[in-house]
Structure formats: structure tokens, C-alpha cells
Amino acid sequence: MTGLAVAATTTSTGEAFQFWVLGTVAVIGALSTVLMRRAVHSALCLAGTMIILAVFYLANGAYFLGIVQIVVYTGAIMMLFLFVVMLVGVTAADSLQETIKGQRWLAVACGLGFGVLLIAGIGNASLKHFNGLGTANAGGNVQGLAALIFTKYVFAFEITGALLITAAVGAMVLTHRERTEQAKTQRQMSEERTRSGHVPPLPAPGVYARHNAVDVAGLLPDGTPSELTVMQTLRQRGQIRDVSSEALADLKALEQRSEERLGRSKEEEEAAK
């Protein structure tokens, strides 16, 4: 028993090295989560901190908590948050707009109160004997954890679940933005852009024309070609193809005359034979 007590109260070189290295990285990741300006970077730092906590759980023999920390929290919940942030595009400017008046002062008061309770709890905590996890993991880590959660700490477990549900509902309320004015239609937005001087760009070369090429002028809504849609170099060289109705009519007449001449030449050849 003396050897076990000494082993439980002493720290090996490997354990100390692991604690100081990973603990330093975890603290840096936690501070970066708060101090980063981009929400995506904050989520990545928080994911790294969670992985380091999982390593601490595994090193202390809490295998179930370590696996849950990686698979559930880091692999599922945090990656879901990260994908949502990347798709929605949340920026630091969004946090400057308060949806509920006075929520910042209330959050500061709650944070100070929680800090006082945490410091008081740590100051009054006393640990005279360290028993380790040998007794708790005698029948298996998962079995021992389940027995404690659903027997001795069942009330605290249910309270924690209620707090998590309340936090989720509160996050939904804080992020909800109620629209106080009617949404603008596409026509209204286009009229505002035109009045402000933002005119839509001209069609690209070949758009609405019979040929989709860079040397074909795009057609305006009234059907007339716009010479501004082709390059200045092609215009100076005279290499712009005319796709107006007159040019297309002349081309069609030329094709008909060519077909008539080819038909006559075939008839003459057959008659000569």
C-alpha cells in the first residue's frame, strides 16, 4: 500500500513533460479562441484545445471521456459549428450589433459571478488522500462511470442536461433577428442601383447573338448590336463580324444563290453524261 500511495502522489518525468507541453498549448488555444478576429480561426483553436483535453483524459485513465471528447465534441459538434460558420460567413462585425438591449452588461455580471463561485469552490476544496482510478475502473471504465452517473450523481446529471438545453434555447434567441420591415423586391433593388449610378454591365461578346465568339458584338435588349462588347483591337483591325439582321439576310441570300448555282452545275453534268 505504501508503494501505491507513493506512486499516486509522485509525478514521473514523462507525465510532467506531457502536462507542461500540452497544458501550454491548451492555454494558448483557449486564449486564441477568444482573441481571434475570425470566427473560423476561433473554432479551429477551440477544436485543438478539445483534442488536448481528450489526451489528458486518456492519460489519467478516463478512456470513455477521452473517446467521447474526440468523437462527439471535437469530431461532431465542433466540426458542425465550423462548417456552419464557414457557410454562413460570420465575421467579428456581427458581434458588435446587440439584438437584445443590455445583454453585454448582463453577460459581464454573470461571468463575474461564475468566476467568484469557481474561485470559492477551489479555495474550499480539500484533498487529503488520493485514491486514484483503480477502484473506479475495477469493473471497467464505462461501467464505473455509468454507475456513478445514474446512481450517486443522477440529480447533478439531470441538472446539467437542463442547463445545456437552456443554453441552446438562449443561443437561438440571441441569434434570432426579427425583420421589422418588408423585404425589397428585385425590381425595387434594381431601381435603387440604377438611381445610385450602378448600371448593370453590358452583355459579353456573342451573348444573344447567333455566334458565340469574341469577334461578334453582343445584342442589346432591343436587338441592336453593341460595339462596346468587343475588343478595341478587333475593332481597329476591322475583324468584327456583323450579325445584324441586314447582314444575316445578305448571308442567307448568298447561300441560296450558291445552292442554286450548285444545283444548276449538277444538272449540266448529268445532262452531259
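**Group meeting talk: a walk through one predicted chain**

Ala-62 lies in the loop between α3 and α4. That is where I want to start. This is a predicted model, by the way. Ala-62 counts as buried, because its relative accessibility is 13% and the cut-off for buried is under 20%. Now look for Asn-141. Along the sequence, Ala-62 and Asn-141 are 79 residues apart. In space, their C-alpha atoms are 6.8 Å apart.

Let's step back to the whole chain. How many helices and strands does the chain have? There are 10 helices and two strands. Reading along the sequence, you meet α-α-α-α-α-α-α-α-β-β-α-α. The chain has 273 residues, and 14% of them count as buried. It exposes about 22000 Å², with carbon and sulfur atoms supplying 65% of that area. One more number on contacts. Take those between residues at least 6 apart in sequence: 47% join residues at least 24 apart.

Next, helix α3. It covers residues 39–59, which makes 21 residues. At 1.5 Å a residue, α3 should span 30 Å. Its end C-alpha atoms are 31 Å apart, so the expectation and the model agree. Which residues of α3 are buried? They are Ser-42, Ala-43, Cys-45, Ala-47, Thr-49, Met-50, Ile-52, Ala-54 and Phe-56.

Pick out Thr-49 from that helix. Thr-49 is buried, with a relative accessible area of 10%. Leave aside residues up to four places away in sequence. Thr-49 then touches Ala-26, Gly-29 and Ala-30. Just after α3 comes Gly-61, with a positive phi of about 90 degrees.

Now the surface. Leu-58 sits in helix α3 too. At 32% relative accessibility, Leu-58 is partly exposed. Leu-58 belongs to a nonpolar surface patch of about 970 Å². Other members include Tyr-63, Ile-67, Tyr-73, Phe-81 and Val-84. Which helix gives the most to this patch? Helix α4, residues 63–88, with 10 residues.

On to aromatic rings. A pair of rings is described by the distance of the centres and the angle of the planes. Searching the whole structure turns up three aromatic pairs. One of them is Phe-19 with Phe-56. Their centres are 6.2 Å apart, their planes differ by 40 degrees, and the pair is tilted. Phe-19 is in helix α2, residues 13–35, and Phe-56 is in α3, so the pair ties together parts 37 residues apart in sequence. Phe-19 is partly exposed at 48% relative accessibility. Phe-56 is buried at 17%. Phe-150 and Phe-157 make another pair, with centres 5.7 Å apart and planes at 65 degrees, so this one is edge-to-face. Phe-150 is exposed at 55%, while Phe-157 is partly exposed at 40%. There is also a cluster: Phe-19, Trp-20 and Phe-56 form one aromatic group.

Last topic: charges. How many salt bridges does a search of the whole structure find? One. Glu-191 pairs with Arg-195, and the closest N and O atoms are 3.8 Å apart. Both residues are in helix α8, residues 186–195. They are four residues apart, which means about one helical turn separates them. The general rule fits in here. An α-helix has 3.6 residues a turn, so residues three or four places apart point the same way. Glu-191 is partly exposed, at 31% relative accessibility. Arg-195 is exposed, at 65%.

How values were computed. Residues are numbered from 1 along each chain as its sequence is written. This is a predicted model: local features need pLDDT of at least 70, side-chain atom pairs count only at pLDDT 80 or more; totals for chains, interfaces and linings use all residues. Side-chain values use heavy atoms; hydrogens and water are left out. The expected span of a helix is 1.5 Å times one less than its number of residues. Buried means under 20% relative accessible area, exposed over 50%, partly exposed in between (1.4 Å probe, protein chains only). Patches are made of residues with over 30% relative accessible area and no salt bridge: like charges are joined within 9 Å, nonpolar side chains (Val, Leu, Ile, Met, Phe, Trp, Tyr) within 5 Å. Accessible areas come from the Shrake-Rupley method with a 1.4 Å probe; for residues, only the protein chains shown count as cover. A salt bridge is a side-chain nitrogen of Lys or Arg within 4 Å of a carboxyl oxygen of Asp or Glu. Contact means heavy atoms within 4.5 Å. Rings of Phe, Tyr and Trp (its six-membered ring) pair if their centres lie within 6.5 Å; planes under 30 degrees apart count as stacked, over 60 as edge-to-face and the rest as tilted.
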